[in-house]
Amino acid sequence: MNLLEMKHVKKTFDDLTVLKDISLEVKEGEVVSVIGPSGSGKSTLLRCATMLETMDAGELSYLGQKAAWDENGKSVYATKKELREIGKNFGLVFQNFNLFPHYSVLKNIIDAPISVDHVSKEEAIKRADALLEKLGLSDKKNAYPYQLSGGQQQRVSIARALALQPKVLFFDEPTSALDPELTGEVLKVIKELAKEHMTMIIVTHEMQFAKEVSDRIVFMEGGVIVEEGTPQQIFASENIRVREFIGKFVG
């Protein structure tokens, strides 16, 4: 069964149609990178998948459970209670970290498991300690976000997403706010997660990384999926647009 299914998704802002007709399926354990020029709809696709934006038309389901379905060309969503349950399937890592500045690293990580999933404080701290160790941040648990480098902040936000034990992690350009040196430490963490068969959907401009880590790459432009395939297929694409785009990033 597919972990995530999106069918015929459309999304318009005012007069601008950002997603024209997008269908995407992701299996458990698969790593899918979404690439394409700015304004192609990549982030909007992620925001629709994580229900931060409502789709105008189309279907969305996780593990066969429908979050939204199509009725007469319009998306109809499940009840708030059902959506809350469905929302437990995924975690989201933003490009600008989105940590609570007035919370310590530990509190940033344990807050949602306690308040959303009603996990005991003891269990939440146990999870946080294990994740901080795994991400090389054990000595930072009492620090505050402003005391951390950008790379460390992004690793904390990955730990925060993982603390809810989601089945799939979404990354929206996780390194775009980082300088090249710090980018490497975040990409290393994502590669480790890929080795552990964590299901991930990653919007990224890091072509070499996408090539190394992905089972499948999706190239978007103008609100549609132009091409998708294995990294080998995409990097050897006959499509002029895909080749031009990848050529800009890969010397």
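**From a buried serine to a capped helix**

S104 sits in the loop between β7 (90–93) and α3. The structure is a predicted model, and this residue is a convenient place to enter it. Is S104 buried or exposed? Its relative accessibility is 14%, and buried means under 20%, so S104 counts as buried. Leaving aside residues up to four places away in sequence, S104 touches K141, N142, A143 and Y144. Its side chain also comes within reach of the backbone nitrogen of K107, at 3.1 Å. L16 lies 88 residues from S104 along the chain, and the C-alpha atoms of the two are separated by 40 Å.

L16 leads to a sheet, as β2 covers residues 16–27. This open sheet has 5 strands in the order β2-β1-β4-β5-β6, and the pairing is antiparallel. Which strands stand at the edges? They are β2 and β6 (74–77); each has a single partner strand, so one side of each has no neighbour in the sheet. On average, and with direction ignored, neighbouring strands of this sheet are turned by 20° against each other.

At one end of the strand order, β5 (residues 65–71) pairs with β6 in the antiparallel sense over 4 bridges. E71 stands opposite K74 in β6. Helix α2 (residues 80–87) packs on the sheet and touches β4 (57–62), β5 and β6. The direction of α2 makes about 125° with that of β5.

The next topic is the nonpolar interior. The largest nonpolar core has 38 residues, of which I158, F171, L193 and M200 touch the most other members. Several elements each supply at least two residues of this core: the helices α3 (105–115), α4 (121–134), α5 (150–162), α6 (180–195) and α7 (207–213), and the strands β8 (168–172) and β9 (199–203). Which helix gives the largest share of this core? It is α6, with 7 residues. M200 shows what such packing looks like for one residue. Not counting residues up to four places away in sequence, M200 touches E30, V31, V32, V168, L169, F171, I190, L193 and A194. Apart from the largest core lies another, of 30 residues, and among them are A49, F170, V218 and M220.

V218 and M220 belong to the stretch of β10 (216–221). This strand forms a hairpin with β11, with 2 residues between them. G222, in the turn, has a positive phi of about 60°. The two strands pair in the antiparallel sense over 5 bridges, and E221 stands opposite V224 in β11.

The hairpin strands are also part of the surroundings of helix α9 (residues 240–249), in which V242, F245 and I246 are buried. Why do these residues lie on the same side of α9? They cover an arc of only 90° around the axis, which puts them on the same side of the helix. In general, an α-helix has 3.6 residues a turn, so residues three or four places apart point the same way. On the other side of α9, I240 and K248 are exposed. The cover over the buried residues of α9 includes β3 (31–35), α7, β10, β11 (224–229) and α8 (231–235). At the N-terminal end of α9, N239 acts as a cap: one of its side-chain oxygens lies 2.8 Å from the backbone nitrogen of R241.

Note on methods
Residues numbered from 1 in each chain as written. Predicted model: local features only at pLDDT ≥ 70, side-chain atom pairs only at ≥ 80, totals over all residues. Heavy atoms only, no water. Core = buried A, V, L, I, M, F, W, Y, C linked by side-chain atoms within 4.5 Å. Buried < 20%, exposed > 50% of the residue type's maximum accessible area, 1.4 Å probe, protein only. Contact = heavy atoms within 4.5 Å. Polar contact = N/O pair within 3.5 Å; in protein donor to acceptor, adjacent residues only side chain to side chain. Arc of directions from axis to C-beta. Pairing = 2+ DSSP bridges. Axes fitted to C-alpha atoms, helices over the stretch in contact; angles between N-to-C directions.
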